[in-house]
Amino acid sequence: MIVKTTGDFKWEGVDVLPYKEDGNMFRDVTRQVMFEGTGDLPVEFRYFEVGPGGHSTLERHEHQHAVMVIRGRGRVLVRDSVTPICCQDIVHIPPMTWHQFRADEDSPLGFLCIVACERDRPQRPCEAELEYLRSSDVVREFIQI
Ligand code: MN
């Protein structure tokens, strides 16, 4: 099966969805699912786009992400480090690792994200975990909750 792009980081027959149905812990993020897994390839292939200055949810979970940036630039928190990312960079999010994506103020950040079809629900930091995260200056200045 071929899913043709219609240009501008959209694909034929693929809806542009809100990032998450619930919550307000993110800002200006859209989600598209281009492949939903089949047979011995039980993974989803998604495209997320964070608008300029926007961010994804600060979260962790047992399932992993393999990400490739294909548009724009931004920064990503993985565990306790914040790293600038741009087109063609690859990001691996290991199990139970805090992560958050932010687009630069003057650029979108678009990335492909591979994830297992069967996966646990993301967890949000509790107060004690936030306190721990904020013990790092770099993390405290980066995270949006
Ligand atoms: Mn995640």
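This report covers the manganese site, a run of paired strands and the surroundings of one glycine in a predicted model.

## The manganese site

Four residues supply the protein donors of the manganese ion: E59 through OE, and H61, H65 and H99 each through NE2. These atoms lie 2.0 to 2.3 Å from the ion. Along the chain, the donors follow the spacing E-x1-H-x3-H-x33-H.

Two of the histidines can also be described by their accessibility. Both H61 and H65 are buried.

## Strand pairing

Strand 4, residues 27-35, has strand 3 and strand 5 as partners. With strand 3, which spans residues 17-18, the pairing is antiparallel and rests on two bridges. Here L17 stands opposite R31 of strand 4.

Strand 5 covers residues 43-55 and pairs with strand 4 over seven bridges, again in the antiparallel sense. In this pairing, T30 faces E49 of strand 5 as its opposite residue. In a regular strand, side chains alternate between the two faces of the sheet.

## Surroundings of G51

G51 is part of strand 5. The residue counts as buried because its relative accessibility is 9%, and the cut-off for buried is under 20%.

Apart from neighbours within four places in sequence, G51 is in contact with D28, A103, S107 and P108. One of these, D28, falls within the residue range of strand 4. G51 and L109 are 58 residues apart in sequence, yet their C-alpha atoms are 6.6 Å apart in space.

Terms used. Residues numbered from 1 in each chain as written. Predicted model: local features only at pLDDT ≥ 70, side-chain atom pairs only at ≥ 80, totals over all residues. Heavy atoms only, no water. Donors = N, O, S within 2.8 Å, 3.2 Å for Na, K, Ca; no water. Buried < 20%, exposed > 50% of the residue type's maximum accessible area, 1.4 Å probe, protein only. Pairing = 2+ DSSP bridges. Helix = DSSP H or I, 4+ residues; strand = E, 2+ residues; numbered from the N terminus. Contact = heavy atoms within 4.5 Å.
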